[in-house]
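Subject: Structure handover

Hi,

Here is the structure I promised to pass on to you. My notes on what turned up in it follow below, so have a look at it first and then read on.

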Amino acid sequence: MPETALTPAIRDEISRLGRVDIMVGIPSFKNAATIGYVVRAAQAGLVQYFPDLHPVVVNSDAGSPDGTGRVVIETEPPDYIEQILLVRPTNKLERVSLTYPEIDGVGGKGAALRTIFEMADALQVQALVVVDSDLRSIVPEWIELLAGPILKGGYDFVAPLYARYKFDGTITNTVTYPLTRALYGHRIRQPIGGDFGVSGDLIKHYLALDDWTPEISRFGIDIWMTTSAITAGFAVCQTRLGAKIHDPKDPGSDLGPMFRQVVGTILELANRYPDQWTSIHGSHDVPAYGFERFIDPPPLEVNTLRLLSEFHVGSLTLAETWAKMLAPETLETVLELAAEAGRLEDSARTKLGLGGDVASTTATTLEMADAVAAFHFPDDLWARVIYDMIIAARDPKPSLETIVAALVPIYFGRVGSFVIENRSVTTDQAEERVERQAREFELLKPYLVSRWNEA
Ligand SMILES: Nc1nc2c(ncn2[C@@H]2O[C@H](COP(=O)(O)OP(=O)(O)O)[C@@H](O)[C@H]2O)c(=O)[nH]1
Ligand SMILES: [Mg+2]
């Protein structure tokens, strides 16, 4: 592992900047189309809300071939922000775009953030705000909402709270929210939201953990930041940001690798910190900062037939691995459900007049969900699947990567069921379903603890 994420070029930037009070860090990979707006919003937030601090905006880019870094440097400078907001800040706002070094050959969002953490620590920042570079709904106030709890309230970790379209955030809704809540007792609604506030002390803790697995160096970083803050007893809160609007992703085609990195990390951490969760019962609210907002984010399309098809195909090719990672009763029910998913998907294709290729269908989200409406993956079964995975991750056979990859088709089945069940309900009603599932995780926690103690 490289000793430091600070290349000579980055060290030069640090000496040039000297000391900084507040940093906005933006990881990026091919985000030229959207990052300019994020940078301007971040600049405006720093100038408007923190005119007396030393601020900097740092973009940590993967070396994107689309010119992401150039957009950051060439978008309207801080002077433009001062003009449109009529503010004269005490200190000049600096901005930097750099290419971060990989970690043992792995480059990803986590590697980008490691460089941001190292820079923030070297510059002795009090508050670091991290925001995604594909955001459409960020406004300057987000910078205050993410840094305010640290600078004014003594918090160390600020997680976002936002309205997301009912089919966005499926990894959050099916795994990271209910599991973080049931394991550690903290109701953090968006543990992998991507937009966070972090104190200088917590940054030091992150760097001291020096925990850069290939998963954490990629999309495992968000759940690792949240879990590491909780398990070390840092003061955690949430902040109300309004709506999250960003580049849309269809769970069935875009989220497989991210799921493996996030879930691999959460399982690994659950195994590392049993003392932090085996004795926890129930859960508690986590304080929320900021005024309430009501905004409806735009819809995104989901190919439910593809989700059910992947679930069914998974049962044909992965049953042996499933048998190694699930308890016998869980396995039996999952296999029955997968067979049903296959039957329903097959007859839905005929009904909708689609050929064999579900990936290129022109049917809408609603038409597809209607056509397989009889499919239902129960809450308690999903909770058992995830709890079985925690047990399996203790001594994973054949390996943690293999069993987590084998979980992906089952997750697709669960997401398909969620889309079907919520195809016609409002965002609030879908939210109630997510809550119901989270309560189910809490109810079944004794199942996990007793299996853990037996193992
Ligand atoms: N530096 C870097 N950033 C990345 C990489 N992959 C994703 N990101 C950034 O991480 C953030 C979240 O990624 P995104 O694909 O929008 O994921 P999601 O919104 O969480 O599903 C965005 O700012 C991306 O640009 C990567 O390989 N390197
Ligand atoms: Mg995004």
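Helices (H or I, at least four residues) and strands (E, at least two) are DSSP runs, numbered from the N terminus. One caution before the rest: this is a predicted model.

Let me start with the ligand, as I guess you will too. Which elements each supply at least two residues of the shell around ligand 1? They are strand E1 (22–28), strand E2 (55–61) and H5. The shell holds 18 residues, and the closest to ligand 1 are Phe29, Ala62, Ala112, Asp132 and Ser133. By class, the residues around ligand 1 divide into 4 nonpolar, 8 polar and 6 charged.

Helix H5 spans residues 109–122 and includes Phe117. Phe117 counts as buried because it has 23 C-beta neighbours inside 10 Å, where 20 or more are needed. Beyond its neighbours within four places in sequence, Phe117 is in contact with Ile203, Tyr206 and Leu207. Leu305 is a different matter: 188 residues along the chain from Phe117, with 42 Å between the two C-alpha atoms.

The contacts of Phe117 bring us to helix H8, which covers residues 200–209 and contains Asp201. Is Asp201 buried or partly exposed? Asp201 has 14 C-beta neighbours inside 10 Å, so it counts as partly exposed. From Asp201 to Pro299 the C-alpha distance is 39 Å, with their positions 98 residues apart in sequence.

Now for the sheet. It is open, has 8 strands with mixed pairing, and follows the order E3-E2-E1-E4-E7-E5-E8-E10. At its edges stand strand E3 (94–99) and strand E10 (288–289); each has a single partner strand, so one side of each is left without a neighbour in the sheet. E2 and E3 run parallel and are joined by 6 bridges. Within this part of the sheet, Val57 stands opposite Arg95 in E3.

Val57 also appears among the contacts of Ala42, which touches Val24, Ile26, Val57, Val131 and Ile143 when residues up to four places away in sequence are not counted. Ile143 belongs to helix H6, where it is buried along with others, including Trp142, Glu144 and Pro149. In H6 (residues 141–151), 9 of the 11 residues are buried, so the helix is largely enclosed by the rest of the structure.

Ala42 leads on to the packing. The largest nonpolar core has 141 residues, and those with the most contacts inside it are Met23, Ala42, Val131, Val372 and Met389. Helix H16 (residues 400–421) gives the most to this core, with 12 residues. Why does this core lie between domain 1 and domain 2? It does so because domain 1 (8–289) and domain 2 (304–454) both give residues to it.

Last, the two domains themselves. Their centres, taken over C-alpha atoms, are separated by 30 Å. Across the boundary, 27 residues of domain 1 are in contact with 31 residues of domain 2. On the side of domain 1 that touches domain 2, the elements giving two or more residues are helix H7 (170–184), helix H10 (251–254) and helix H11 (256–272). That side has 13 nonpolar, 10 polar and 4 charged residues.

Happy to talk any of this through whenever it suits you.

Best wishes

Key: Residues are numbered from 1 along each chain as its sequence is written. Chains are lettered from A and ligands numbered from 1 in the order in which they are written. This is a predicted model: local features need pLDDT of at least 70, side-chain atom pairs count only at pLDDT 80 or more; totals for chains, interfaces and linings use all residues. A residue is buried if 20 or more other C-beta atoms lie within 10 Å of its own, exposed if 12 or fewer, and partly exposed in between; C-beta atoms are placed from the backbone. Two residues are in contact if their C-beta atoms, placed from the backbone, lie within 7 Å. A residue is near a molecule or strand if its C-beta atom, placed from the backbone, lies within 6 Å of it. Ala, Val, Leu, Ile, Met, Phe, Trp, Tyr, Cys and Pro count as nonpolar, Asp, Glu, Lys and Arg as charged, and the others, Gly among them, as polar. Domain bounds come from an automatic or database domain assignment. A nonpolar core is a set of buried Ala, Val, Leu, Ile, Met, Phe, Trp, Tyr and Cys residues joined through C-beta atoms within 7 Å. Two strands pair if DSSP finds at least two bridges between them.
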